[in-house]
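Please open the structure in a viewer and keep the selection panel at hand. The tour below proceeds from one selection to the next.

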Amino acid sequence: MTIEPSGHLPHEMTEEQYRQLPEATAREIEVVHGHVIVCESPVPEHNRVARRLASAMEQLPSTEPCIRVETDIVVVLWRVPKFTFRRPDVTVYRCLPERGAKPEAGDALIVIEVSSPSTMAEDLLDKKAQYARAGIPLYLVVALDTKYDIEEVREFRLDAHAAEYRLHRLHRDGFVQLEHVVLGEISFADLVR
């Protein structure tokens, strides 16, 4: 869920301005096409699902020689025409050569949004289009219901030629079966317990 920028933040921001923000303020926003989006803190159940999903994915084998799985980190999608970054709930990316380096879209292999009924439209429209435009190969949307149980996980794979995602699979049987980059099965019950 997003709210309007508060009085202490401009409505538009460059990458340089973002880099100069105090860390506490920088953690509260995303910048899309140069426009500041102040993000509300999610409920604990949302964070728990994201954290447990990231942890489970770290334990599974990968088709890549080295990956990292993080929650709530900045991923720069593009700088031109205007600076744009998002903070996916979970990001799987190739290991970076320098300690402390932050992933960019070209490093990201999977991005995941944990979506509640109030954020579903943004996750399935805006973010989906932006992640596809940035060329991220796989996008998962974990759909939570009003009681914070997982209804389903939508798996989208990038059609690079069209620069858009195609629905690859709906995971509704209580498990998400991963077959791209990360290989294995994760139980919905383990994520929401």
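By class, the residues lining the largest pocket comprise 13 charged, 9 polar and 9 nonpolar. The model is a predicted one, and this pocket has a volume of about 750 Å³. To centre the view, select E40, S41, P42, H46 and D89, which lie nearest the centre of the pocket among its 31 lining residues.

Next, colour α3 (44-59), β8 (108-115) and α4, each of which supplies at least two residues of that lining. The largest share, 4 residues, comes from α3.

Now select α4, residues 120-133. This helix of 14 residues reaches 19 Å from its first C-alpha to its last, close to the 20 Å expected at 1.5 Å a residue. Where is the kink in α4 centred? It is centred on K127, with an angle of about 35°. K127 is also one of the buried residues of α4; the others are M120, E122, D123, L124, Q130, Y131 and A132. Proceed just past the end of α4 to G135, where phi is positive, at about 85°.

The final stop is the second largest pocket, which holds about 310 Å³ of space. Select Y18, R27, V74, R87 and K102, which lie nearest its centre among 13 lining residues. Two elements, α1 (15-19) and α2 (23-26), give two or more residues to this lining. How do the residues of this lining divide by class? There are 7 nonpolar and 6 charged residues, and no polar ones.

Conventions: Residues are numbered from 1 along each chain as its sequence is written. This is a predicted model: local features need pLDDT of at least 70, side-chain atom pairs count only at pLDDT 80 or more; totals for chains, interfaces and linings use all residues. Side-chain values use heavy atoms; hydrogens and water are left out. The expected span of a helix is 1.5 Å times one less than its number of residues. The bend at a residue is the angle between axes fitted to the seven residues ending there and the seven starting there. Buried means under 20% relative accessible area, exposed over 50%, partly exposed in between (1.4 Å probe, protein chains only). On a 1 Å grid over the protein atoms alone, a cavity is a set of points where a 1.4 Å probe fits but cannot get out, and a pocket is an open set with protein on both sides within 12 Å along at least five of seven lines; lining residues have an atom within 4 Å of a point. Grid points are joined across faces, edges and corners, and a volume is the space filled by probe spheres set on the points. Ala, Val, Leu, Ile, Met, Phe, Trp, Tyr, Cys and Pro count as nonpolar, Asp, Glu, Lys and Arg as charged, and the others, Gly among them, as polar.
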